[in-house]
Amino acid sequence: SARTGRRLGRARPGGAPHDLAAAPNGREVWLSNWSSGLLTVASVRTGRSIASVQAGVEPHHFAFTRRRAWASDNGRGTVVRIGIRSRRVLGRTSVGGSPHHIAAVGDSVLVAVHATGRVVALSRHGGRLASIHAGRGPHGIAALPTAGG
């Protein structure tokens, strides 16, 4: 609990848990299970698994936009778009070897692509908007809103 610091529950997602984030609705936590190819959706209230999504070979990190969860699939070199409500894969975009962290920017995302030394910007439908040289081995990424937007 953010208020009390008390543990609310324990999720047992399987695989090798790697990343977690609260969904926009605040009632779910999504976890990546690196070695199993799954993302697990767990209830914040109970800590129990309520769904799983086959996200690829080796899902690492993810981010949320208004209607989508985005996961980097390190094993396939893709970014996976998933409907938050439906929990269905909507599509995959090839971005290059070893994509890592993802940052939401409005309805679009940025992904650090470790093996290519690039940051790739994807539209809400998964199309490439830009590919920016970032130097050797980018890993983490963050996005901040600009003034007025």
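**Group meeting: an all-strand chain and its aromatic cluster**

Let me start with the surface: the chain exposes about 8,200 Å², and carbon and sulfur atoms supply 50% of that area. I should say at once that this is a predicted model, and that every value I quote is computed from it.

On burial, 40% of the 149 residues of the chain count as buried. As for overall dimensions, the C-alpha trace spans about 45 × 40 × 30 Å along its principal axes, and the radius of gyration is 15 Å, which agrees with the value near 15 Å that a compact globule of 149 residues would have.

Turning to secondary structure, the chain has twelve strands and zero helices, so the pattern along the sequence is simply β-β-β-β-β-β-β-β-β-β-β-β. Among contacts between residues at least 6 apart in sequence, 34% join residues at least 24 apart.

For those of you thinking about electrostatics, the chain carries 21 positive and 5 negative charges, and the mean positions of these two sets are 6 Å apart.

Now to the aromatic rings, where the structure holds two pairs. In one of them, Trp30 and Phe64 meet edge-to-face, with 5.5 Å from centre to centre and 85° between the planes. This pair links distant parts of the chain, since Trp30 sits in strand S2, residues 28-33, and Phe64 in strand S5, residues 59-64, with their positions 34 residues apart in sequence. The other pair, Phe62 with Phe64, is edge-to-face as well, at 5.9 Å centre to centre and 85° between the planes. Trp30 and Phe64 are both buried, and Phe62 is buried too, and the ring pairs link Trp30, Phe62 and Phe64 into a cluster.

Terms used:
Residues are numbered from 1 along each chain as its sequence is written. This is a predicted model: local features need pLDDT of at least 70, side-chain atom pairs count only at pLDDT 80 or more; totals for chains, interfaces and linings use all residues. Side-chain values use heavy atoms; hydrogens and water are left out. Helices (H or I, at least four residues) and strands (E, at least two) are DSSP runs, numbered from the N terminus. The radius of gyration is taken over C-alpha atoms; the globule rule is 2.2 Å times the number of residues to the power 0.38. Buried means under 20% relative accessible area, exposed over 50%, partly exposed in between (1.4 Å probe, protein chains only). Contact means heavy atoms within 4.5 Å. Accessible areas come from the Shrake-Rupley method with a 1.4 Å probe; for residues, only the protein chains shown count as cover. Lys and Arg count as positive and Asp and Glu as negative; His and the chain ends are not counted. The place of a charge is taken as NZ of Lys, CZ of Arg, CG of Asp or CD of Glu. Rings of Phe, Tyr and Trp (its six-membered ring) pair if their centres lie within 6.5 Å; planes under 30 degrees apart count as stacked, over 60 as edge-to-face and the rest as tilted.
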